[in-house]
Amino acid sequence: MPERTIVITGASDGIGASAARTFARQGERVVVVGRSAQKTEAIANEIGADFFVSDFADLAQVRTLATQLKEKCPRIDVLANNAGGIMGPRELTVDGHEKTFQVNHLAPFLLTTELLEVLTASQATVINTSSVANSLFAKFDIDDLDAAKSYSTNRAYGNAKLANILFTAELHNRYNTEGISTAAFHPGGVATNFAADSTSPMRLAYKSFLKRFMLTPDQGADTLVWLANATPGHDWISGAYYAKRTLSKANRQAYDAGLAKALWQRSEAMVAQDMDKLDQGSDHGA
């Protein structure tokens, strides 16, 4: 098979870095994206990959990343939206959005939609890293996406991971006929630095003896690698949610097509609003 171009966000550590190493060993062209310049460059140098640094808490950086990827990668065969995490107390980003929702959903939504022309031309696979937290913690309110009315660390994370699945379903609905295949997946409880900076009770498990019972990053990356290497429509169903290479049951709200469509529309409006703010700032500065 000819070399593919695989872009992985959140690739400076954990399952993203593990998947990047695996794809590089398989002879693919890997592009790693991470928030930490030092860690991202280290992984890139280790596997001989291109890399870009982008902080998803700043949507201007996501737009810059999309531009850089389009310049560097005329073809993208796989986009793995893997960046994300659990945050601490409610915090707004520079764009005015709740940080958990922006980093886990709005930023990958923006990156994917900015790359749609390349992705459709490449007949690409888009893989979104979700979590079983979508079933455990989510109480999704389409009218409170920035959690202004009600916030908890776990609920915000669960809602964002449910948003990943809803985004996957609507991306399939809108663009599968144009060649894009997409899936969301739960990697399992992986022994990484995940949740280390959050206030979620889950962070304690990652710092206790329980960590020894968790999956390795390689094990956590297994379903991501499988989705990228297997054949959509034959080995897995586009628009669906997986765990351990198996079709998995998500939160009941994940199957609400109207909610998936509404989330897409709200997300479009939210990122467009941020662009309007930038334009207004430029006009004022002029």
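**Entry 1: the lining of the largest cavity.** I began with helix H7, residues 153-175, and found that it gives the largest share of the lining of the largest cavity, three residues. I remind myself that this is a predicted model.

**Entry 2: how much space?** I looked up the volume next, and the largest cavity comes to about 120 Å³. Which residues are closest to its centre? My list reads Asp144, Leu145, Ala147, Ala156 and Asn159, out of 14 residues that line this cavity.

**Entry 3: sorting by class.** I then sorted the lining of the largest cavity by class and noted six nonpolar, five charged and three polar residues.

**Entry 4: counting cavities.** How many cavities of 30 Å³ or more does the structure hold? I wrote down two. I turned to the second largest cavity, where the space is about 40 Å³.

**Entry 5: who lines the second one?** I went along its lining and met Asn81, Ala83, Asn104, Pro108, Asn128, Thr129, Lys161, Asn164 and Phe167. By class, I get five polar residues, three nonpolar and one charged for the lining of this second largest cavity.

**Entry 6: helices and strands again.** Which element gives the most to the lining of the second largest cavity? I found H7 once more, with three residues. I also noted helix H4 (99-114) and strand S5 (125-129), since each of them, like H7, supplies at least two residues of that lining.

**Entry 7: a line to remember.** I keep H7 as my landmark: three of its residues line the largest cavity, and three line the second largest.

Note on methods. Residues numbered from 1 in each chain as written. Predicted model: local features only at pLDDT ≥ 70, side-chain atom pairs only at ≥ 80, totals over all residues. Heavy atoms only, no water. 1 Å grid on protein atoms, 1.4 Å probe; cavity = no way out; pocket = protein on both sides within 12 Å on 5 of 7 lines; lining within 4 Å. Points joined across faces, edges and corners; volume = space filled by probe spheres on them. Helix = DSSP H or I, 4+ residues; strand = E, 2+ residues; numbered from the N terminus. Nonpolar A, V, L, I, M, F, W, Y, C, P; charged D, E, K, R; others polar.
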